[in-house]
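Reader: I have a structure open and don't know it yet. Can we go through the ligand site and then something else?
Author: Fine, go ahead.

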Amino acid sequence: MIEHSGMKLKIGWLYGAKMNIYGDRGNVVALSQRARWRGIESEVVEIGLNQPLPDDIDVFFFGGGQDQEQVAVSRDLQGEKGERLKQAVEEGAAVLSICGGYQLLGHEYRPHDAEPLPGIGLFDAVSTAGPERFIGNVVIESEWGQLVGFENHSGLTHLGPSASPMGKVVVGRGNNGQDGMEGARYKHALGCYLHGALLPKNPALTDWLITAGLTRRYGDVALAPLDDAIEQRAQSAAISRAKESR
Ligand code: GLN
């Protein structure tokens, strides 16, 4: 029996009041609840505009948002805050960023008819608003198996030489509708276009993020298994529906 009593997981929710669309909040709930089901205390800290980045966060979550919301968030991430987030990743912290959040963790997001929004360059990636909005179900092949979610974005993301994708598109348009790749990964930091929320129906990915976060705080950690029958059924139902809809 793997023992977790006395352990704590600290979740940093970046810009939850501004960047939270298409069920993104569900990712914070999934991280928190799957820790608690194992007897791990979990604390969620909201980190909004003009608020400093605490230095003891294990897992960061950064949701999506419309162009107008991204303007203030992009400005707020410049300078020390963005540098501290990058430093936290260098020190092992985990990050899950979705869509608009993902775009602002790259070098830049260029919206339609507006000034380019600088990112922090955690991912070697640049996003530019395209002529068409990509909306629909998404399935990708990844190291966490098949992942399923929902995309709704005009931004087209192109990865640079030092970025690796999070997965390969099976259903949907992905980063840019051309190279068949979805998302980006750097150390324990992930970015992708999968709303939904993503984590409740993709438990392997949730546990990978929790493990990465706890490993930062406690050294090597193995998570006690959970009964994921419901999650697995939800995932396979969503994957079949996505495949039918393509
Ligand atoms: N505003 C960005 C875009 O349209 C991100 C949208 C989102 O987060 N869903 O691409």
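Reader: By class, what residues does the shell around the ligand have?
Author: This is a predicted model. The shell has 11 polar, four nonpolar and two charged residues.

Reader: Which residues are the closest to the ligand?
Author: Gly-65, Asp-67, Gln-70, Cys-99 and Gly-155 are the closest, out of 17 that surround the ligand.

Reader: And Gly-155, which of its atoms is 2.9 Å from an oxygen atom of the ligand?
Author: A polar backbone atom of Gly-155. Asn-152 also uses its backbone: an N or O atom there lies 2.9 Å from a nitrogen atom of the ligand. With Arg-133 the side chain is involved, and one of its N or O atoms is 3.4 Å from a ligand oxygen.

Reader: How much of the ligand's accessible area does the protein cover?
Author: 100% of the 300 Å² that the ligand has on its own. The ligand sits in the largest cavity.

Reader: Which elements give two or more residues to that shell?
Author: Helices α2 (67-77) and α4 (100-104), and strand β8 (145-159). The largest share comes from β8, with four residues.

Reader: Changing topic, how many aromatic pairs are there?
Author: The count is five. One of them is Tyr-15 with Phe-62, a tilted pair with 5.6 Å centre to centre and 45° between the planes.

Reader: Where in the chain are Tyr-15 and Phe-62?
Author: Tyr-15 is in the loop between β1 (8-14) and α1 (25-36), while Phe-62 is in strand β3 (residues 59-62). They are 47 residues apart, so the pair links distant parts of the chain.

Definitions and conventions:
Residues numbered from 1 in each chain as written. Predicted model: local features only at pLDDT ≥ 70, side-chain atom pairs only at ≥ 80, totals over all residues. Heavy atoms only, no water. Near = heavy atom within 4 Å. Polar contact = N/O pair within 3.5 Å; in protein donor to acceptor, adjacent residues only side chain to side chain. Areas by Shrake-Rupley, 256 points an atom, 1.4 Å probe, with all protein chains shown as cover. 1 Å grid on protein atoms, 1.4 Å probe; cavity = no way out; pocket = protein on both sides within 12 Å on 5 of 7 lines; lining within 4 Å. Sits in = over half its atoms within 2 Å of the grid points. Nonpolar A, V, L, I, M, F, W, Y, C, P; charged D, E, K, R; others polar. Phe/Tyr/Trp six-rings, centres within 6.5 Å; stacked < 30°, edge-to-face > 60°.
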